[in-house]
Every structure is written in structure tokens, then in C-alpha cells.
Amino acid sequence: CSGFPLSIFFIVINEFCERFSYYGMRAVLVLYFKYFLHWDDNLATAIYHTFVALCYLTPILGAIIADSWLGKFKTIVSLSIVYTIGQAVLSVGSINDLSDHNRDGSPDNVPLHVSLSMIGLVLIALGTGGIKPCVSAFGGDQFEDDQEEQRSTFFSLFYLSINAGSLISTIVTPSLRATECGIHTKQRCYPLAFGIPAILMAVSLIVFVAGNRMYKKVKPQGNIMLQVCKCIGFAIKNRFRHRSKEFPKREHWLDWASEKYDKRLIAQTKMVLKVLFLYIPLPMFWALFDQQGSRWTLQATAMNGDFGVPVQPDQMQIVNPILIVIMVPVVDSLIYPLIRKCKINFTPLKKITVGMFLASMAFVAAALLQVQIDKTSPVFPAAGQTQIRLMNLGSVPAVVQFQPQLQNVDVAPKVATDYMIFETSQLQSLNVTSGSLETTQSLEGLLEGKRYTFAFQAFGAGIASNLVFDNVTSKPEEGKNLIRFINSYDSTVTVVLDDETVALLLPLTASNYTTIPGGKRQHTIKGTTPSSSCTVSSKKFGFGSAYTISINECTQDTLNITYFEDIPPSSVHMAWQIPQYFLLTCGEVVFSVTGLEFSYSQAPSNMKSVLQAGWLLSVAVGNIIVLIVAGASKLSKQWAEYVLFAALLFVVCIIFAIMASFYTYVDPNEIEAQFNEQEKEDKKDQDDHGKETDSKM
């Protein structure tokens, strides 16, 4: 087809579906841990990065299986089956109704869901990592040696399919997650968010197998990584055997392998090890980079996602692939040429250093943003403390005295104070004075670490009051809002919210909190008393707020209500994450792209797979670093952890710059040519020696 083997179209479609499956599942994973399995942020982050690390460790296994045993085609098919099963198991494990026998909206057998989820993720890691080094190489095998231009176009289409799959899935699956589904109770639809990627993975497998007869299949020819490892192992062992001073030193420790391995392999291994030595600091970059899907997504859950339409926290990850598409051509066609015009020697290693620095600055930006988020976050009582808020529902000012002589507070009509913190053991009672009326409320027996609202209302015969337990100890999750109603009317009120009855309230009693979606949507509130019925449209509650709404009287069929803010809505907009994404993406462009190009330019052609394995291993180690820090960190503030990561990468950046200054660039082709020339001379000498022997005979 236009000079291309028809088989490559099956491979490109296969890659698009597989990347959609992987990135779509990964986009919602950390929120699944947090909101479905109810893990805390540190555990969710740790398991997320354990999974990502596995995904980048298993490619080494996949490459060895393909090159030494099954071949690329059979490896892709067999591991894709494992991959598809893993996606299906993860989707089944996220079905709430699987163990919700009492139909209360929460799974009754959480260990079952955790077990299924972990089994699914291990299978996915084995599948996606195992086929990673095989698919692109298998596509390259489809071309003849004289089809260099077509092969180059294929790789462009191949990487376009990767980015397209990532981009589309990062929009789609968070939207699916945000919908509600379920048999008995409606929950966030994780089964659909994981189920669609599972279907796409099955489609990927079917499409790939459908092209079976068209593929050009290269037989396994042994894995160069194993040869390199054996060469290194033999050199170390041989050097240890000959550690005595009676044996002369050799120019390089790898030269101790010369008794068993040829000079070409030893020289190639030396070049590879020089590059791999420079890889040692690189994992720190990936430790920061891969937190887009964990810490940064969790950060977005505490922000305002109103972009005209509600944007889910996990959808913010789409900023990275969008910026990649924009920044790669800008950097290549504008930034680098400008630097060259300024006659600055911007070597590949200098580019990698700059990439590290930019990633470090991205986390400084994340820390500054986190400080602003923390300023708007509500303060909840610590152990041994209780918070009390005063709510005057009457039309007369009042003075409240906390006994014994703790605090006097003036409360205006139709106003609620902020929450006040007290030592629980010191609270005994409070006295309310409103005009000539007075009442006392006992405060003994209040729970530590909890919030209470003391609502009161003065009327002709006295002061009615009610101490309401506020059953909220954290900001609402996923940007949702909480609202409850309190009846300041003089008779029983039935409260209907959006055509659903939420409470039957006696005077001065409060309903439980009702969860409503975040965003700009207005809700219809209807209050019905024995003598009247009236409605009103609510305000827009934003994201992550909690309100108590006082039901007052009716005026011409309009319900009069008063809003009391229990927890303020998230005021820091998600758009403020864009600067940190921009810095990190710029860092990725000059780090990742340059790193691969540098690695390939400094290694022999038959050693590319070794360097690719080393590169993927650096990503895995980076995720293990996050796992260790998240598990061992004693920092109570998230902004401090961001600063810690930024500082660590900055220090590593300096170390890498020093290491890079001692590196000498080589030309592998020139070294290969020298070996080829040497081999020709050796062969010629052998032929001449053979002729001399023949003439003497």
C-alpha cells in the first residue's frame, strides 16, 4: 500500500488501542485507590508508583523472551492475552455491587476488591512491559533494507498512535469515571472507566492476530543483553581470580574478559558502560516526572475545576501530551536554532542537565501552589480539641458566654460565627443572652476531634436551641459539595431537593448532609409546611464546599433561605497547575528526547537494545524512589515534600553536570570501521600465510 507493507497498519492500530488501554486505566488509578479502596494519599501514591515501576522493569524480561525463545510475534500475542485478562480482572474488582450485600453503597469485602485489583495490575504490568520493546521492533522488521524512508515514516506514525491513544484516553476515561452507575446504589463508574480500556486491549489483540499471515517474522537470534551481562560477569570473575600482584594490570577491567570474548564485543561493552554510568543520576528526574499521575492529580482534587464545563482532577494530566505536541516542534525549529545562532555549544549532556533543572523548578511551582491551596483549606480539630460554631437564627442580637469564663462572643441576627477551637476537657457549658431572654446549654460529653454547631433562636416566650453534631471531618471528596438544612420556621417543614425529599424537620432541627455534584449547577429547594409550599433556586456551590441552609418563611410562593458556609469552596483554580505542567513538559522535551538521541549516538548499532533497557530501568528506579519517599517521609505538609523532591533533583542535577564535564564523546561508527578494517587485515594476513604454506608444500 503506497510502498508500505500492509502489515504495518495492523501494528499501528494495535499500538493505538494498547496505549489507549494503558494510559486510560492509569489516568484514573490513583483516584480509584483513594476513593474506592479508601487508601490514604501516601498508600495510594506508593502502590501507584510500585505499579509503574513494574511496568518499566518487565520490558527487560519481554525482550529476553522475544530474542531468545518465542520470537517477537508469539511474545506479543501471549503477553497481550495476559494483559487483556489483567484489565478485565481490574474492571471486575472495581464493581461495588460484587460484595455490597447490604446495599449501603460501600463494598462489604474490601480485601476481595484489593486482591482482584492487585492481581489485575500485576498482569497488566507484565503484559504492557513485556510487549513494550517488541511492538516497535516488530514493525521495523516488516521493511526491507532498501525501505529506509518508509521505515522512518512508519516510526512517525507509530509514535503518533502512542500520543493519540494517550491523549484521547486521558479525556475519555476520567469522564467515564465521573459518571455514576451501579445495580443497587449509584457510585462513581470505575467498572466502566476500567472496562473500556479492557475492551480496547481485546480489540488490540484481535487486530494484531488478524494480520498474522501478512507479517514478516524474524526468528530469535539471541539477546545481546545476555551476552553483555555474561561478558561483564566473566571479566569481574577473571579479575578476581587474578588479583595477585604477579599478574600484570590491564588497561581496563573489562579487558580481563579477552580470554573468552572477542575484542569487538569488549570494546562495544566499554562504550555502553560509559553511557550507562551517566544514567545513574537519571532516575531522580523520573521520580518527579511520574508524579503527574499521583501527587499532582491528588493536588487537583482540592482545586476548582470550573473551565466553563467541570474538569475532573485526573483530566488535568492531558496538559502534558498537549504541551508535548506543541513544544517538540517549537524547541526543534525555534529554540535550538536560536541557541546555535548565539554560538552557544549546547551539547546533549547540557540539554539533559537543563531538563533536570526545569523539572526541579516545576516542583517548586507545585510547592508554591500547594501553599495557596493550604491557605484556603479548612482547619479541623486535633486530638483533645473540639470546634464549636454559633448560629443565631433569630432576629435579635445575642451574647454567648463559654463557661468556665473561656470566651464571650457577640452574634448578630441571621449570622453564624467561624468555628472556634477549644480544649475538650475545659468545656462545661455556654450561656446565651438575647435581650431579656437567657438560656444555658451543657457542653459536657462532647467528642474530641469533632465539630458542633450550636443553633439558637429567640422568640417571645424564650430561646430555643439545639446543639448539632457536624459529621464532617474533611473537605468533600472529588470536588463534590455537601448541603444540609436547618428549620428556623415555627412549624414542621418537609424539604425537597431537586424533586427528592431529603428531610422532615421539626423546628430548629437539622438534616444530615446530602452530597451534590460540584460545579455551576443550581438546585431547586422546596419547603412545605402544613399551611404553605414554596420553592427557590439555590446558589452555585462551586467545588468542595459544605453549607448549612436555614429554611425561613415563605414570601409570595418564594422560599426564603439563609446560607451558612461550613466549609468554603475550593477557590484555587486548576488552571494554576498549568505552569508546573509547562515547566515539567519543557524539561521532558530537552531531557527525554535528547537522552535517547544521545544514548543511541554513543553506542554501537547492535547495542541499542541494551541502552533502551537501561533507560527503561532508570524510569523504574525513579518510581521506586517515590515509593520509598512516600512511605518513609515524616513531612506533614505536602508542599514540604514537593520542596524535598525539587531539592533532591537540583542536587542530582549538579552531580550530573560534573559527571558530564568529564565525558568524552565518541563516534561508534568510526570505532566499528576500525574493527572492520582490522578484521580485513587479519583475514588478508591469514590468506597470505595460507598461500605461503601452499607454495612450500
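The legends below describe an overall view and several close-up views of a predicted model.

**Figure 1. Overall view of the protein chain, with 17 helices and 19 strands.** The C-alpha atoms fill a box of roughly 135 × 55 × 50 Å along the principal axes. Of the 697 residues, 50% count as buried. The accessible surface comes to about 32500 Å², and carbon and sulfur atoms contribute 59% of that area. Among contacts with a separation of 6 or more, 73% are between residues 24 or more positions apart.

**Figure 2. Helix α5, residues 110-141, and its bend at Lys 132.** The helix has 32 residues. From the first C-alpha to the last, α5 reaches 47 Å, close to the 46 Å expected at 1.5 Å a residue. The bend at Lys 132 is about 40°. A proline, Pro 133, follows Lys 132 within four residues.

**Figure 3. An open sheet of four strands in the order β5-β4-β8-β9.** The pairing in this sheet is antiparallel. Strands β5 (407-411) and β9 (437-442) form the edges, each pairing on one side only. From one strand to the next, the twist averages 20°. In the interior of the order, β4 (residues 398-403) runs antiparallel to β8 (residues 429-434), and five bridges join the two. Val 399 has Thr 433 in β8 as its bridge partner.

**Figure 4. The hairpin that joins β10 to β11.** Two residues link the two strands. Strand β10 covers residues 450-459 and strand β11 covers residues 462-470. Their pairing is antiparallel and extends over nine bridges. Phe 459 stands opposite Gly 462 in β11.

**Figure 5. Surroundings of Asn 320 in helix α12.** Helix α12 spans residues 319-341, and Asn 320 lies within that range. Is Asn 320 buried or exposed? Its relative accessible area is 11%, and Asn 320 therefore counts as buried, the cut-off being under 20%. Leaving aside neighbours within four places in sequence, Asn 320 is in contact with Phe 289 and Gln 292, and also with Tyr 581, Thr 585 and Glu 588.

**Figure 6. Surroundings of Ala 546 in strand β18.** The strand comprises residues 546-555. Ala 546 has a relative accessible area of 1% and so is buried. Which residues are in contact with Ala 546, leaving aside its neighbours within four places in sequence? They are Leu 482, Tyr 513, Phe 564, Glu 565, Asp 566 and Ile 567. Val 472 is 74 residues from Ala 546 in sequence, while their C-alpha atoms are 8.9 Å apart in space.

**Figure 7. Helix α16, residues 638-661, and its buried residues.** The helix has 24 residues, so at 1.5 Å a residue it should span 34 Å. The end C-alpha atoms are 35 Å apart, which agrees with that value. The buried residues of α16 are Ala 640, Glu 641, Tyr 642, Phe 645, Ala 646, Leu 649, Val 652, Cys 653, Phe 656, Met 659 and Ala 660. An α-helix has 3.6 residues a turn, so residues three or four places apart point the same way. Phe 645, Leu 649, Val 652 and Phe 656 are among the buried residues of α16.

Methods. Residues numbered from 1 in each chain as written. Predicted model: local features only at pLDDT ≥ 70, side-chain atom pairs only at ≥ 80, totals over all residues. Heavy atoms only, no water. Expected span 1.5 Å × (residues − 1). Bend = angle between axes of the 7 residues up to and from the residue. Pairing = 2+ DSSP bridges. Axes fitted to C-alpha atoms, helices over the stretch in contact; angles between N-to-C directions. Buried < 20%, exposed > 50% of the residue type's maximum accessible area, 1.4 Å probe, protein only. Contact = heavy atoms within 4.5 Å. Areas by Shrake-Rupley, 256 points an atom, 1.4 Å probe, with all protein chains shown as cover.
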